[in-house]
Amino acid sequence: MAQPTAVTETPDERLVRVGPLTRVLTRPDIGALVGAVAVFFAFAYFARAVNWIGEPAIAASWTDQAAQFGIVAIPVALLMIGGEFDLSAGAMIGSSGLLLGYLATFQDMNIWPAMGITLLFGLAIGLVNGVVVIKTNLPSFIVTLATFFVLQGINAALTLNLTGTTAIQEIDSATGFESARRFFASELTQWDFKVKVVWWIGLTLAGAWLLAKSRFGNWIYAAGGDPVAARNVGVPVARTKITLFMMTSGVAALMGIITAFELRSIQAKEGIGLEFIFIICAVVGGCLLTGGYGSVVGTFFGAAMLGMVQLGIIFAEWDSNWTFTFQGAILFAAVVLNTVIRNRAGKAR
């Protein structure tokens, strides 16, 4: 009697068999979306003293805080998907703001060319980080941690040496300040929604397109997932990672410019500590610490979640020190959830 022939399913056939609900649940950004919605309605309950849902000014407040995190979290997420970290992004915000302020106030430079030099400075630091990581094979965690301390020292010591203080004031006195501020730090509506939120959304859309629709996006996944195999099939792993480092530092420099325009001044300690918030946003958004997996859209929701936590605790009239506890709990929950989702995604395929 003839033996029955075994039927082997293709990956596409297995993906169809698991159904649309399972495919949705295995997306890396679904956990961040659910978490953001849950946090939103949680504070709608706990912050009943204010109109959390219906008051545009409340939404303007937490989206402004979320944009503060989300703008830099987008390239940080791309870098993590590429298998690397950048712990110098927070210090870069202060460095770039101080450089902009020094050029505009102490060197009497027009604000627009000063911004160009500041952005080039950010790209140069990213280039140095990337080249050192690639050439030495040292962990990016160590290399960028060293850069963090170097920048932190320069922010305080060099600024003090050049200006006599660790803060630069009256940046708004520079030529071209008001015209530039309109594009980087103005309010969009009567409820004080900031143009910074538009930058956050725009960078999210650009990052999502880059990751999902471009060849460079495929290179990012490949470089983070298995760099040896990626090199063997022709992926320029070194160039990809260096580009990601430059993108991260460049966008951090942009955030420094936005901060300087908003505050009309900048301090040496500006941005210190935010590097961990950027990483939390990326992890909440579905990025694995091991690289090769993650979502820019999820990172957007992760930043939104942390922005709501920052403002929601205040509006709920809780002790603001609980903010750090929430951040730690959210990080731990995100790592566990992302691991589960990753395992389900692997089984589904």
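**Entry 1: S88**

I looked up S88 first, and I found that S88 is buried, with a relative accessible area of 1%; buried here means under 20% relative accessible area, exposed means over 50%, and partly exposed lies in between, with a 1.4 Å probe and protein chains only. I note that this is a predicted model, in which local features need pLDDT of at least 70 and side-chain atom pairs count only at pLDDT 80 or more, while totals for chains, interfaces and linings use all residues. Residues are numbered from 1 along each chain as its sequence is written, and side-chain values use heavy atoms, with hydrogens and water left out.

I placed S88 in the loop between α3 (56-81) and α4 (89-106), where helices (H or I, at least four residues) and strands (E, at least two) are DSSP runs, numbered from the N terminus. Setting aside neighbours within four places in sequence, I listed N129, T144, T147, F148 and L151 as the residues in contact with S88, contact meaning heavy atoms within 4.5 Å. With N129 there is also a polar contact, side chain to side chain, at 3.5 Å. A polar contact is a pair of N or O atoms within 3.5 Å; within protein, one must be able to donate a hydrogen and the other to accept it, and residues adjacent in sequence count only if both atoms are side-chain atoms.

**Entry 2: N155 and G250**

I then turned to N155, which is found in helix α6 (residues 140-163) and is buried, with a relative accessible area of 3%. A polar atom of the N155 side chain lies 3.4 Å from the backbone oxygen of A91. Not counting residues up to four places away in sequence, I found that N155 touches A91, G94, S95, L98 and A268.

Which residues is G250 in contact with, leaving aside its neighbours within four places in sequence? I found L119, G122 and L123. G250 has its place in helix α11 (residues 237-263) and is buried, with a relative accessible area of 11%. I also looked up the pair G250 and A89, which are 161 residues apart in sequence and 9.2 Å apart in space, C-alpha to C-alpha.

**Entry 3: helices α2, α8 and α13**

I checked helix lengths against the expected span, which is 1.5 Å times one less than the number of residues. The 17 residues of α2 should span 24 Å, and the end C-alpha atoms of α2 are 24 Å apart, which agrees. For the 19 residues of helix α8 (residues 195-213), the expected span is 27 Å and the end C-alpha atoms are 27 Å apart, again in agreement.

In α2 I noted the buried residues, among them I30, G31, F40 and F43. In α8 the buried residues include V195, K196, W200 and T204, and the buried residues of α8 pack against α3, α7 (177-184), α9 (215-225), α11 and α13 (296-315).

Why is α13 described as largely enclosed by the rest of the structure? I found that 16 of the 20 residues of α13 are buried, so α13 is largely enclosed by the rest of the structure. At the start of α13, a side-chain oxygen of S295 reaches to within 3.2 Å of the backbone nitrogen of V297.

**Entry 4: two residues with positive phi**

Just after α13, I found that E317 takes a positive phi of about 60°, although E317 is not a glycine. E317 sits in the loop between α13 and α14 (322-348) and, at 66% relative accessibility, counts as exposed. I noted D108 beside it in this entry, with a positive phi of about 55° although D108 is not a glycine. D108 is found in the loop between α4 and α5 (111-136) and is exposed, with a relative accessible area of 65%.

**Entry 5: the chain as a whole**

To close, I looked up the totals, and I found 14 helices and two strands in the chain. Of the 349 residues of the chain, 50% count as buried. Among contacts between residues at least 6 apart in sequence, 78% join residues at least 24 apart.
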